[in-house]
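Student: I would like to go through this chain by asking about it piece by piece. Please end each reply on the value or name I ask for.

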Amino acid sequence: MWYLCVFYHRLLDYRKPEVESLADLFGAFEDKRSPGLPPHSRVLQWRLPQHHHPDSPFHFVDLPSEDIAKNVANRSILVKGIYELWGEGSNYEELEEAIKSYPDDRKLPYLGSESTFKITVDTFGKVMSHQEHNERIRGFSYIPFKGRVNLKNPDINFWLMETDDSATNNGLPPVAQRRIFFGREVGGADRKLIPTYQLKSRNYLGPTAMDAEMAFLMANQAQAAPGKLVYDPFVGTGSILVSAARFGAMTMGADIDIRVVRDGRGPDCNVWSNFKQYGLPMPIGLLRADNNLPPWRPGLKEVFDAIICDPPYGVRAGGRKSGGRKLLKGVVGPYTVPDDKRADHIPSTAPYSLAECVHDLLDLAARMLVMGGRLVFFYPVSREDDLSEDHFPEHPCFEFVASSEQILSSRYSRVLLTMVKTSPYTEELALAARIKHLEFKVNHAKWLEEGNNLHSSVFSPAEVVESGDSKESKESKPKYRGKYV
């Protein structure tokens with residue numbers, strides 16, 4: 001059945017992938033789970049209202065049942081609401097005609113005297129006064145409502161949504177004609193999650209903590225749910241695992257910095273206290289582990305249902321691996337830590353390039369994810385290149401199901417990649433992945449070859465303002481434009 005899906009007008013590239021991941025989670029593609037069908041065949045049918053731009057918040061989506069539509073809408077972060085559309089038109093005369101022609105067997109169950117209802121008026125690209133709201137609602141006298149009005153907690157919520165045809169439509173091209181929609185709400189996102197879990201109120205916070213909204217989107221892409229085990233190999237202060245735990249998943253994390261996962265800033269300000277703050281189940285384990293030297297015993301496979309992470313790529317923090325520069329170069333030999341110093345010893349580390357980090361991440365996911373498990377991670381790309389799968393890291397065990405871009409600067413953006421494991425891990429596939437990795441030229445590596453780095457491309461020095469013969473600048477502490485994302 002076709003439903004009207006109305007999105008919040010933000011993070012436009014993330015909207016459809018989130019809905020499709022949640023639809024898959026709630027069983028929308030049960031008839032397409034045959035081993036012979038690739039994951040990318042499990043996509044929804046979408047279409048736009050008349051005269052609407054693809055970036056419009058209004059889309060029609062084909063979902064197999066109302067229960068699935070409700071579950072998707074209630075779990076989503078970017079869906080404002082999903083509605084059973086009773087009518088639409090370019091003016092109120094067309095809208096009235098459409099509503100009257102909508103089948104009575106679909107309308108009458110929601111117009112009975114035993115139910116309470118409310119009509120909500122919403123707009124996009126325009127503002128209405130309170131008087132105009134009331135006039136719009138009174139205009140629906142032709143609908144035979146028999147129930148009582150309940151503005152606080154109605155059984156049924158009807159929505160009237162109106163767009164504007166002006167030249168300034170929230171940054172979108174103007175529509176040729178305004179469009180008016182009326183329908184019954186099936187479900188809507190709980191945006192209260194965002195202020196509840198916002199970083200500024202977080203107990204333990206680090207410089208690379210993932211924004212709450214983005215963390216919830218990543219958890220939805222990974223299909224975090226009760227009974228699933230989610231792992232973050234770059235756990236940091238645990239922001240991503242907090243979102244996965246909020247959706248009921250069991251969580252586990254690792255980080256190379258033992259001071260982060262063990263100590264934090266004291267017994268009441270650490271990764272564990274972040275879960276305690278929100279009353280969430282604690283992680284089953286936090287490890288001091290190196291993504292380059294995974295601690296798993298030989299033969300251990302298919303443990304995690306999802307791996308979600310934000311690998312370090314040199315903007316807010318650079319990647320590190322065990323060994324130290326002198327040890328990796330062979331200047332010094334391997335050392336043994338005395339027993340009396342093991343408790344407080346911090347192993348030496350060396351720089352860890354993004355290309356090597358991502359290869360290790362894919363190898364870890366190929367080995368440790370269950371079949372059908374999801375790997376969700378951010379990857380930086382140059383905005384000068386055509387954004388396609390050719391620019392993304394690959395592995396023969398995985399297939400791409402979604403990619404969503406977020407702009408970092410005029411030159412670089414980061415892409416949220418969602419990959420599904422489709423083949424069992426074998427040594428032959430691991431070797432093929434290694435060869436593919438050696439052949440693969442990532443944008444990040446090209447930049448490093450030119451003597452640059454991602455940080456300098458994202459945070460550009462402020463322009464120097466010339467005043468007469470002098471230059472007004474603070475050379476001791478340069479300013480940077482842009483924001484942390």
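The exchange below covers the whole chain, then its cores, one helix, two polar residues and some salt bridges.

Tutor: This is a predicted model, in which local features need pLDDT of at least 70, side-chain atom pairs count only at pLDDT 80 or more, and totals for chains, interfaces and linings use all residues. Residues are numbered from 1 along each chain as its sequence is written, and side-chain values use heavy atoms, with hydrogens and water left out.

Student: What percentage of the residues of the chain count as buried?

Tutor: Buried means under 20% relative accessible area, exposed over 50% and partly exposed in between, with a 1.4 Å probe and protein chains only. The chain has 15 helices and 19 strands; helices (H or I, at least four residues) and strands (E, at least two) are DSSP runs, numbered from the N terminus. Of its 485 residues, the buried share is 48%.

Student: Which helix gives the most residues to the largest nonpolar core?

Tutor: A nonpolar core is a set of buried Ala, Val, Leu, Ile, Met, Phe, Trp, Tyr and Cys residues joined through side-chain atoms within 4.5 Å. The largest has 77 residues, and Phe304, Ile307, Leu375 and Phe377 touch the most other members. The helix that gives the most to this core, with 9 residues, is H12 (residues 354–368).

Student: Which residue caps the N-terminal end of H7?

Tutor: Helix H7 spans residues 212–221, and 10 of its 10 residues are buried. After the helix comes Gln223, with a positive phi near 60°. At the N-terminal end, a side-chain oxygen lies 3.2 Å from the backbone nitrogen of Glu213, and the capping residue is Asp211.

Student: How far from Arg15 is the nearest side chain of opposite charge?

Tutor: Arg15 lies in helix H1 (residues 15–25). Lys and Arg count as positive and Asp and Glu as negative, with His and the chain ends not counted; a salt bridge is a side-chain nitrogen of Lys or Arg within 4 Å of a carboxyl oxygen of Asp or Glu. A polar atom of the Arg15 side chain does lie 3.3 Å from the backbone oxygen of Ser56. Arg15 is buried and has no salt bridge, the nearest side chain of opposite charge being that of Asp55, at 4.8 Å.

Student: What is the distance of the polar contact between the side chains of Asn292 and Asp360?

Tutor: A polar contact is a pair of N or O atoms within 3.5 Å; within protein, one must be able to donate a hydrogen and the other to accept it, and residues adjacent in sequence count only if both atoms are side-chain atoms. Asn292 sits in the loop between strands E11 (285–288) and E12 (304–309), and its side chain has a polar contact of 3.3 Å with that of Glu356. The C-alpha atoms of Asn292 and Asp360 are 6.1 Å apart, although 68 residues separate them along the chain. Between their side chains, the polar contact is 2.8 Å.

Student: Is Glu84, which forms a salt bridge with Arg106, buried or exposed?

Tutor: The closest N and O atoms of Glu84 and Arg106 are 2.9 Å apart. This pair links strand E4 (residues 79–89) with helix H4 (residues 104–107). Arg106 is partly exposed at 29% relative accessibility, whereas Glu84, at 0%, is buried.

Student: By how many residues in sequence are Glu162 and Arg136 apart?

Tutor: Their side chains form a salt bridge of 3.2 Å, N to O. Glu162 is in strand E7 (residues 156–163) and Arg136 in helix H5 (residues 130–138), so the pair ties together parts whose separation in sequence is 26 residues.
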